[in-house]
Amino acid sequence: MNCYLPDEAATVGLASRVAHLLPPEPAGWTFLLEGTLGSGKSTFARGLLRAFGHAGPVPSPTYTLIEPYRLSVGTVYHVDLYRVANAEELRFLGWTELDDGLRLVEWPDRAPGLDTSADLRIHLDYEGAGRRAVVDGLSARGRELAGRLAIIG
């Protein structure tokens, strides 16, 4: 799926559509949020969390690396790998202990090979005054979700 997002509300709307296509308990799903600095990765994560019912703040986990959210759908982990130097550091972060929830991963390129175990890649980039979002399914269930997302726009 490829779409133009004219403003922040459109990015939040895309995240909400994705949230509503997920199963009632999306534990074990991994979304890779790619894009340059300020392209909307954290805005997308915030929109997804809001769609799941989170009403509080959603800080960027740049310094904490992992922000867990306990919600009615289960746990959602907002992960920022910007400060991670290599894939081996994921083990020290407790990456394997995060599979009990949905993982939203910003800067996944810091851990090469992460896409082999992810479900969805959401690439956000600048386009004029707005953003361009490209959503790719990486697993069978991710491709199904991306296909359903493309149908509803």
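Is Arg121 buried or exposed in this predicted model? With a relative accessible area of 18%, Arg121 counts as buried, because that value falls under the 20% that marks the limit for a buried residue. Arg121 belongs to strand β6, which runs over residues 120-127, and its side chain is joined to that of Asp115 by a polar contact of 3.4 Å. When residues up to four places away in sequence are not counted, Arg121 touches Leu32, Glu34, Asp115, Val134, Val135, Asp136 and Leu138, so that Asp115 appears both as a polar partner and in the list of touching residues.

The setting of this residue can be described through the chain as a whole. The secondary structure comes to four helices and seven strands, and these elements follow one another along the sequence in the pattern β-α-β-α-β-β-α-β-β-β-α. For 153 residues, a compact globule would have a radius of gyration near 15 Å, and the 14 Å found for the chain agrees with this expectation. The C-alpha trace spans about 40 × 35 × 30 Å along its principal axes. Of the contacts in the chain with a separation of 6 or more, 63% are between residues 24 or more positions apart.

The surface and the interior were also examined. Buried residues make up 50% of the 153 residues, while the chain exposes about 7,200 Å², of which carbon and sulfur atoms supply 54%. The chain carries 15 positive and 19 negative charges, and the mean positions of these two sets are 3 Å apart.

Helix α2, which covers residues 41-51, is largely enclosed by the rest of the structure, because eight of its eleven residues are buried. These buried residues are Lys41, Ser42, Thr43, Phe44, Ala45, Gly47, Leu48 and Leu49. They pack against helix α1 and against the strands β2, β3, β4, β5 and β6; the last of these strands, β6, is the one in which Arg121 is found. Just after α2, Gly53 takes a positive phi of about 105 degrees.

The loop that lies between α2 and β3 contains His54, which counts as buried at 16% relative accessibility. The side chain of His54 reaches the backbone oxygen of Gly56 at 3.2 Å. Leaving aside neighbours within four places in sequence, His54 is in contact with Leu49, Tyr69 and Leu71, and Leu49 is itself among the buried residues of α2.

A further loop, between β5 and β6, holds Trp107. Most residues other than glycine have a negative phi. Trp107, although it is not a glycine, has a positive phi of about 60 degrees. At 14% relative accessibility, Trp107 also counts as buried.

Strand β7, which comprises residues 130-137, includes Ala133, a residue that counts as buried at 0% relative accessibility. Apart from neighbours within four places in sequence, Ala133 is in contact with Met1, Asn2, Cys3, Leu5, Leu14, His123 and Leu124. The C-alpha atoms of Ala133 and Arg46 are separated by 16 Å, whereas the two residues stand 87 residues apart along the chain.

Two residues in helices complete the description. Leu21 lies in helix α1 and is buried, with a relative accessible area of 13%; its C-alpha atom is separated by 15 Å from that of Ile122, a residue 101 residues apart from Leu21 along the chain. Gly142 lies in helix α4, formed by residues 140-152, and is buried with a relative accessible area of 0%. Without its neighbours within four places in sequence, Gly142 is in contact with Trp29, Asp119, Leu120 and Gly137. Gly142 and Glu89 are 53 residues apart in sequence, and their C-alpha atoms are 26 Å apart in space.

Notes:
Residues are numbered from 1 along each chain as its sequence is written. This is a predicted model: local features need pLDDT of at least 70, side-chain atom pairs count only at pLDDT 80 or more; totals for chains, interfaces and linings use all residues. Side-chain values use heavy atoms; hydrogens and water are left out. Buried means under 20% relative accessible area, exposed over 50%, partly exposed in between (1.4 Å probe, protein chains only). A polar contact is a pair of N or O atoms within 3.5 Å; within protein, one must be able to donate a hydrogen and the other to accept it, and residues adjacent in sequence count only if both atoms are side-chain atoms. Contact means heavy atoms within 4.5 Å. The radius of gyration is taken over C-alpha atoms; the globule rule is 2.2 Å times the number of residues to the power 0.38. Accessible areas come from the Shrake-Rupley method with a 1.4 Å probe; for residues, only the protein chains shown count as cover. Lys and Arg count as positive and Asp and Glu as negative; His and the chain ends are not counted. The place of a charge is taken as NZ of Lys, CZ of Arg, CG of Asp or CD of Glu.
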